[in-house]
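I opened this notebook to record what I looked up in the structure shown below. The entries follow the order in which I consulted it.

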There are 2 protein chains.
Amino acid sequence: MSVKPPRHRLPPLNAMRAFEAAARLGGISRAADELCVTPGAVAQHIKALEDWAGAALFSRHARGVTLSDLGQRCLGDFEAAFDQLHMATQNLRIRAAPNSIRIAALPSLAQLWLSPRMPGLRARFPDARISVAALEQPPNMEREGYDISVFLETNADGSASPAEVLAADHILPVCAPALAAQLQHPADLADVLWLRDSIWEQDWALWLEKAAVELPNLPDSVSFSLYSLAVEEACNGAGVLMGHKALVERHLSDGSLVAPFADVVPTGKVITARLRSGDQRDLPAQILAALRLTRA
Amino acid sequence: MSVKPPRHRLPPLNAMRAFEAAARLGGISRAADELCVTPGAVAQHIKALEDWAGAALFSRHARGVTLSDLGQRCLGDFEAAFDQLHMATQNLRIRAAPNSIRIAALPSLAQLWLSPRMPGLRARFPDARISVAALEQPPNMEREGYDISVFLETNADGSASPAEVLAADHILPVCAPALAAQLQHPADLADVLWLRDSIWEQDWALWLEKAAVELPNLPDSVSFSLYSLAVEEACNGAGVLMGHKALVERHLSDGSLVAPFADVVPTGKVITARLRSGDQRDLPAQILAALRLTRA
DNA sequence: TTACTAGGCATAGAAAAACTAAGGCAAGTG
DNA sequence: CACTTGCCTTAGTTTTTCTATGCCTAGTAA
């Protein structure tokens with residue numbers, strides 16, 4: 001009669017994942033969002049882990065939860081463990097498909113800056129399989145499976161990770177050539193429809209201030225949730241768009257858009273690319289380097 | 001319209017666990033055994049991970065599997081990640097119940113060496129909650145939830161982890177006092193029933209050799225899968241047992257067993273205690289130290 | 001005071017995942 | 001040549017996980 005171990009099982013892996021997410025993000029709802037499940041599911045997982053441990057990891061309040069003393073002390077361990085697990089899966093992914101490159105980019109950058117450069121990139125790296133995902137927020141690159149990110153950051157963002165500045169961000173009004181005829185002086189801007197991007201609402205105010213333009217009144221404006229839609233509409237002659245130089249350079253050079261006023265204003269932001277740390281390949285860095293040099 | 005991420009999900013956690021176990025143990029059946037499921041379940045998990053990666057992690061043969069090149073290179077990552085996950089759960093456990101101490105011990109040691117010392121231990125550490133599990137094999141202490149292990153090891157086992165020698169292992173024949181009357185000379189051993197432990201079958205041969213005893217014939221013997229059962233039977237006068245000194249010392253001192261012959265033979269093994277590395281408490285080390293000094 | 005809202009809890013039922021059992025196969029072994 | 005070992009596959013079942021719903025509490029606004 002061999003003594004069969006009443007084996008000490010690990011608590012359920014999913015329960016640990018739920019705890020880690022909720023503790024890191026500071027809320028069950030936020031964890032649920034990250035894990036793509038309902039808050040109820042996360043709450044159940046966390047309860048399961050608490051039952052396993054026999055102690056509370058969170059203290060519950062009417063509005064949200066806070067980590068208990070125990071939870072506080074354990075968060076670091078679990079965070080590190082899951083970091084490693086993510087690292088392991090990323091390594092598995094890139095070893096299984098070494099030529100696969102995933103780029104995460106701001107939607108506007110993906111469409112107006114990155115997209116024109118893709119043909120050049122593909123020509124330079126014919127073996128690479130480059131996919132692009134448009135994200136509103138920069139992802140955690142070590143955790144989600146992106147090898148390169150391209151986002152707009154304020155110049156001061158001195159993060160530790162290896163960042164590469166691809167271009168500065170400058171703005172100036174742009175519009176279709178036909179509409180430009182109506183704009184002789186900056187003051188004429190008060191008489192045309194303005195096109196805005198909904199996440200860059202302050203662009204116009206910034207430009208007016210820095211270009212020292214004073215208008216008697218602010219005209220009507222329409223906003224778009226995607227900058228590329230606003231650019232399309234500007235090309236169609238719908239109005240005047242506050243153009244980001246790096247994003248409309250192609251339209252300016254092919255004449256589909258023109259800049260009626262020369263005042264170019266820096267926004268204080270830069271287009272920044274980052275590599276995923278821990279990637280053992282050379283390809284991502286090569287692609288990033290090529291990205292600096294590639295013209296649209 | 002916010003751009004909702006087509007979130008990059010991790011592969012299923014259980015699939016990773018199955019891969020890690022199968023890769024580490026070198027077989028699906030062995031992994032199934034460790035995970036307490038059927039091999040079919042493990043095979044399915046591994047296939048799921050391979051599908052996620054888009055490449056094979058094992059090459060299948062008729063007799064067993066071997067790691068593919070890819071699997072080989074990924075094993076280390078996953079092993080490290082799960083090591084950390086186990087570490088995190090152990091830390092959670094001991095933080096939630098700092099006075100809980102779990103000891104893993106060989107069944108015979110648990111019953112005959114450890115058990116008599118427990119009262120002394122409890123008196124010395126009244127707050128500690130000491131539980132004991134009897135295991136045939138030493139557990140992976142970093143992974144399974146044991147804080148102290150007590151096993152019989154060959155002297156040479158120079159493992160890196162902090163080991164503490166509690167006692168050397170010596171053997172000599174023992175029996176009930178009544179039976180001892182029949183044993184005047186070692187040669188008389190040929191005429192009595194021998195009691196054996198099924199995992200220490202060679203004890204008798206070793207003792208006969210080292211004690212330079214030659215017998216004309218070997219007598220009948222019965223074996224027990226638990227040494228403590230054999231000890232009981234010896235006390236009952238059922239026969240002569242090859243006694244391990246450290247395990248029968250209490251019976252020898254209270255007279256329920258006697259040693260008819262004085263030849264004590266070392267087996268080359270030692271009772272060894274180990275602490276789980278990474279334990280941030282002092283209590284386990286204190287208990288181990290006390291264990292050295294505690295008398296039965 | 002009186003809604004109203006946000007965030008979390010509890011429960012039941014539904015959906016999905018995991019597991020088992022059974023049959024099959026291929027290559028060593030006696 | 002039969003037997004054993006170790007794995008695969010599939011179908012069906014069990015278990016887990018998730019969602020949906022209603023409820024509760026404490027801030028916030030009217």
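**Entry 1: Domains 1 and 2 of chain A**

I began with the area buried between domain 1 of chain A and domain 2 of chain A, which is about 830 Å², with carbon and sulfur atoms giving 39% of it. I note here that the model is a predicted one.

I then looked up the domain bounds. Chain A is divided into domain 1 (13-94), domain 2 (103-166 + 270-293) and domain 3 (169-266). The centres of domain 1 of chain A and domain 2 of chain A, taken over C-alpha atoms, are 29 Å apart.

How many residues of each domain are in contact? I found 11 residues of domain 1 of chain A in contact with 11 residues of domain 2 of chain A.

I next turned to the polar side of this interface. Between domain 1 of chain A and domain 2 of chain A, I recorded 3 salt bridges. One of the salt bridges I looked up joins the side chains of Arg93(A) and Asp147(A), at 2.8 Å from N to O. Across the interface of these two domains, 6 residue pairs are in polar contact, with both residues at pLDDT 80 or more.

I asked which elements give two or more residues to the side of domain 1 of chain A that touches domain 2 of chain A; they are helix H1 (13-25) and helix H4 (69-96) of chain A. H4(A) provides the largest share of that side, with 9 residues. By class, I list 3 nonpolar, 3 polar and 5 charged residues for the side of domain 1 of chain A that touches domain 2 of chain A.

**Entry 2: Chain B against chain A**

I moved on to the contact between the chains. It takes 51 residues from chain B and 51 residues from chain A. The buried area between chain B and chain A is about 4800 Å², and carbon and sulfur atoms give 65% of it.

I looked up the salt bridges and found 2 between chain B and chain A. The side chains of Arg95(B) and Asp77(A) meet in a salt bridge at 3.0 Å, N to O. I also noted 6 residue pairs in polar contact between chain B and chain A, both residues at pLDDT 80 or more.

On the side of chain B that touches chain A, helix H1 (13-25), helix H2 (28-35), H3 and helix H4 (69-96) of chain B each supply at least two residues. Which of them gives the largest share of that side? I found that H4(B) does, with 18 residues. I recorded the classes on this side of chain B as 29 nonpolar, 9 polar and 13 charged residues.

**Entry 3: Surroundings of DNA strand C**

I finished with the DNA. DNA strand C is surrounded by 20 residues, and the closest are Ile28(A), Ser29(A), Arg60(A), Thr38(B) and His45(B). Of the atoms of DNA strand C that come within 4 Å of the protein, 63% belong to sugar and phosphate.

I examined individual phosphate contacts. A polar side-chain atom of Ser29(A) is 2.3 Å from a phosphate oxygen of DNA strand C. Polar backbone atoms also approach phosphate oxygens of the strand, at 2.9 Å for Ile28(A) and at 2.5 Å for Thr38(B).

I noted that helix H2 (28-35) and helix H3 (39-53) of chain A, together with helix H3 (39-53) of chain B, each supply at least two residues of the surface near DNA strand C. H3(B) gives the most to this surface, with 4 residues. I entered its residues by class as 7 nonpolar, 9 polar and 4 charged.

Technical notes
Residues are numbered from 1 along each chain as its sequence is written. Chains are lettered from A and ligands numbered from 1 in the order in which they are written. This is a predicted model: local features need pLDDT of at least 70, side-chain atom pairs count only at pLDDT 80 or more; totals for chains, interfaces and linings use all residues. Side-chain values use heavy atoms; hydrogens and water are left out. A residue is near a molecule or strand if one of its heavy atoms lies within 4 Å of it. A polar contact is a pair of N or O atoms within 3.5 Å; within protein, one must be able to donate a hydrogen and the other to accept it, and residues adjacent in sequence count only if both atoms are side-chain atoms. Ala, Val, Leu, Ile, Met, Phe, Trp, Tyr, Cys and Pro count as nonpolar, Asp, Glu, Lys and Arg as charged, and the others, Gly among them, as polar. Domain bounds come from an automatic or database domain assignment. Contact means heavy atoms within 4.5 Å. Buried area is the accessible area (1.4 Å probe) that two parts lose on being put together, summed over both. A salt bridge is a side-chain nitrogen of Lys or Arg within 4 Å of a carboxyl oxygen of Asp or Glu.
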